[in-house]
Amino acid sequence: MDTFPQEILQLIALYVATPSPFTTDARKDLVHLQSTCRSLYCALNPHSNPHLYAEIFRRTWDTSALYRRFSPSQLTAPALTHEQQRRWKCVARVRRLSTAGGYAWTSRQYRKADLLEDLMTMYLMFIESDGENAKVLLRYANIMEYLDQFKQNRICKMRLRPDMPEESEEIALWLWLCWLTLDYYKVITEREEARINFDYLITPFVLGVFQYANTFAPWSCPILPLADPSSPSSSPNASPSPVLLTTPSPSPNDLIPLGPRPFSTAIPGGYLSVPAGSHYSSHGTNATNATNNGVLFSFPLLHHAAVQLCLAQEDRLPMFQHGTVQPTNDQLLSMAFSHGFFPSAMTLADQRPGLPPFFDRRAGRDARDAYTPDYMRLKFPCIVDSRRWDNEWARLVGCRDPLVSVPKSVGVPTYRWTPGRMTGEWDGRFLISNGESYNRLLHALQPTPANHPHPDEPVREYPVNILEEVHRLHNFQSWSIVEYHHRPISHFPKALRPGKAVNAHLPGDMVVERTAESWDPIMKRWRNGILVRANGVQSFYEAIPSSEASSSLPIPSSTSGLPILLFGQLTKPPHASPAAAHNCWFEAGATISGTVRPWDGLVTLKATGDPRAGNFVYNGYLVGEGDREGESGNWVGRWRDAHSEAITVAWEGVFAMRKRGE
């Protein structure tokens with residue numbers, strides 16, 4: 001073996017370490033190969049040959065997302081080598097714990113630091129997945145069984161306590177992993193008892209709008225980041241400091257501190273970091289200190305994953321409802337491959353062994369897209385196209401601190417709004433809690449005085465117990481929306497200044513005067529749009545179509561006013577929807593208007609025009625969106641009463657919508 005060229009030994013190692021499919025522990029195979037002789041030990045040592053392990057990393061995992069989101073200086077051979085070893089360790093640990101008993105999940109056997117690292121590693125692998133990462137996690141690591149074990153040993157025990165669960169990193173990651181592994185096949189075949197039990201576990205995270213954040217920064221700030229954090233009065237977001245009210249209790253979502261979110265503590269040193277003191281060789285001879293600071297980021301918001309998990313399981317055809325005859329597996333399989341009626345997260349072959357492989361029946365772009373039946377009001381997650389999660393990663397990294405404008409030279413990805421994303425027909429489900437339960441909830445949230453004057457008064461209820469008893473009303477709405485972008489022209493150079501948050505940040509005296517056209521000498525085309533007047537200033541906004549060509553349009557600046565406006569109306573639900581969908585707060589024709597915050601893609605809309613229903617404000621994010629036509633993802637967020645000020649608690653609920661026909 002000493003006479004073998006170095007290149008031959010590396011090819012042998014690559015063959016051993018990159019099995020297809022991923023069915024063996026490559027770490028053990030490499031250890032056995034290293035033990036063969038001294039030449040192999042030196043050639044396969046990660047510290048003396050990090051380029052070999054970097055190549056193993058590129059052949060084992062999906063890397064296109066990494067090369068889009070990180071600079072080449074961050075994707076060094078030592079960084080990829082360390083990440084490869086860390087992933088091997090985490091995947092092996094997840095596989096072992098997926099079949100382990102409850103004792104293995106105790107703090108002595110499974111440290112919290114290891115638990116967090118495993119959850120975050122799987123989450124990052126999913127949002128970087130173009131198919132290979134998902135196959136490893138679903139087939140080899142047995143992530144479905146692992147998540148079920150986590151539910152039984154952590155979530156179920158946590159829900160035995162009467163207090164509201166904290167917004168912890170491990171719960172947020174568990175909810176997101178449950179959402180990323182959800183598919184339509186699982187939804188329609190899951191037993192009703194299992195669905196009810198899961199719904200009970202996630203109820204606090206769905207209905208606890210007073211407990212969990214919905215945005216990365218207060219939704220009442222229309223323009224971020226702040227221009228000058230040291231002098232808030234110079235910012236267009238200037239407003240009096242929120243006063244902590246005691247009656248009623250303020251909503252934590254409205255009073256999110258205007259400051260940075262905490263960093264994730266799951267991966268020591270940050271993502272793609274190299275531990276201090278590590279020595280890697282650049283050419284196999286001279287060892288150099290390769291310490292590298294990793295990328296720090298915040299953990300995802302748990303509320304969005306919980307809402308999608310809850311509402312996705314409500315969209316069942318009548319034939320799949322409780323008490324009806326369930327179809328056989330053959331019937332489901334036949335149905336799955338008929339026009340778009342297909343589980344979307346991965347493939348039947350990847351998640352249900354023994355069924356025909358999906359990729360043998362479809363090819364090209366269709367094989368990468370998420371399939372969801374048209375009557376579903378949520379799109380299931382796509383884990384075979386990492387571009388759908390680029391903006392989600394950008395929020396975690398670049399939208400952590402609303403007070404700081406990160407320069408492009410730093411290399412941190414920034415959120416990028418795709419023009420025309422909101423233009424189209426939208427259908428969704430809105431979850432409403434009845435007024436009596438909500439009043440009980442507000443009473444339970446009020447702090448009990450230390451010198452309580454009435455000792456005989458009944459003990460105040462726990463909020464989590466009230467949420468478990470809330471009678472949920474499901475409201476279905478369909479909207480038609482057109483997106484407009486500000487375009488400065490000679491006569492109308494300025495954009496609208498923001499108004500009150502409860503008015504979707506639009507000025508109170510705003511008037512849409514007329515449709516207008518403007519000649520663009522650069523693009524050599526006419527721009528179709530509207531003239532908007534407010535505070536004595538006129539502005540021109542161009543209508544942005546919902547087309548793939550719109551992705552090349554420039555995004556207006558957000559430093560001087562409202563760059564993006566949304567206008568539309570409520571419409572009747574499509575005829576393809578089930579009969580139960582034809583109930584709505586608003587009559588068709590009620591108006592919709594609002595804005596988009598380009599900093600993090602927060603969409604804020606206000607619905608008005610029906611005196612019976614009143615006015616409501618909706619704010620949320622597009623989750624799982626891509627940059628091409630047909631990849632809008634789900635619009636997930638909260639609705640609230642528009643008659644209450646933004647800094648006070650209001651009647652609130654949750655919703656999720658998807659663009660029709662996608």
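## A guided tour of the model

Of the 662 residues in this protein, 56% count as buried, where buried means under 20% relative accessible area, exposed means over 50%, and partly exposed lies in between (1.4 Å probe, protein chains only). The model is predicted, so local features need pLDDT of at least 70 and side-chain atom pairs count only at pLDDT 80 or more, while totals for chains, interfaces and linings use all residues. Residues are numbered from 1 along each chain as its sequence is written, and side-chain values use heavy atoms, with hydrogens and water left out.

**The whole chain**

Start with a cartoon view: the protein has 18 helices and 13 strands. These are DSSP runs numbered from the N terminus, with helices being H or I of at least four residues and strands E of at least two. Now switch on a surface, whose accessible area comes to about 28,400 Å²; carbon and sulfur atoms hold 54% of that. The areas come from the Shrake-Rupley method with a 1.4 Å probe, and for residues only the protein chains shown count as cover. If you draw a contact map, with contact meaning heavy atoms within 4.5 Å, look at pairs at least 6 apart in sequence: 73% of those contacts join residues at least 24 apart.

**Stop one: Ala-100 and Gln-149**

Select Ala-100, in the loop between α6 (77–97) and α7 (112–127). Ala-100 is buried because its relative accessibility is 15%. Leaving out residues up to four places away in sequence, Ala-100 touches Trp-105 and Gln-149. Try a distance label too: the C-alpha atoms of Ala-100 and Glu-145 are separated by 9.9 Å, with their positions 45 residues apart along the chain.

Next, pick Gln-149 in helix α9 (residues 143–158). Is Gln-149 buried or exposed? At 19% relative accessibility, Gln-149 counts as buried. Outside the four places on either side in sequence, Gln-149 touches Leu-97, Ser-98, Ala-100 and Trp-105.

**Stop two: a helix pair**

Two packed helices are described by the angle between their axes and the distance between the axes. Show α10 (residues 169–180) and α13 (residues 302–312): their axes come within 8 Å and cross at roughly 40°. Here axes are lines fitted to C-alpha atoms, for helices over the stretch in contact, and angles run from 0 to 180 degrees between N-to-C directions. Turn on side chains and you will find residues including Leu-175, Trp-176 and Trp-179 of α10 meeting residues of α13, among them Leu-302, Ala-305 and Leu-309. The residues of this contact divide into eleven nonpolar, two polar and no charged. In that scheme Ala, Val, Leu, Ile, Met, Phe, Trp, Tyr, Cys and Pro are nonpolar, Asp, Glu, Lys and Arg are charged, and the others, Gly among them, are polar.

**Stop three: cysteines**

Select Cys-90, which is buried at a relative accessible area of 2%, then Cys-310, buried at 3%. How many disulfides are there? The count is zero, taking a disulfide as a pair of cysteine sulfur atoms within 2.5 Å.

**Stop four: backbone geometry**

Most residues other than glycine have a negative phi, and most peptide bonds are trans. Go to Pro-225, in the loop between α12 (192–207) and β1 (279–281); the peptide bond from Leu-224 to Pro-225 is cis, with omega near -5°. Asn-142 sits in the loop between α8 (132–140) and α9, has a positive phi near 55°, and is partly exposed at 21% relative accessibility. Finish at Ala-504, in the loop between β4 (472–486) and β5 (511–520). Phi of Ala-504 is positive, near 60°, and Ala-504 is buried, with a relative accessible area of 0%.
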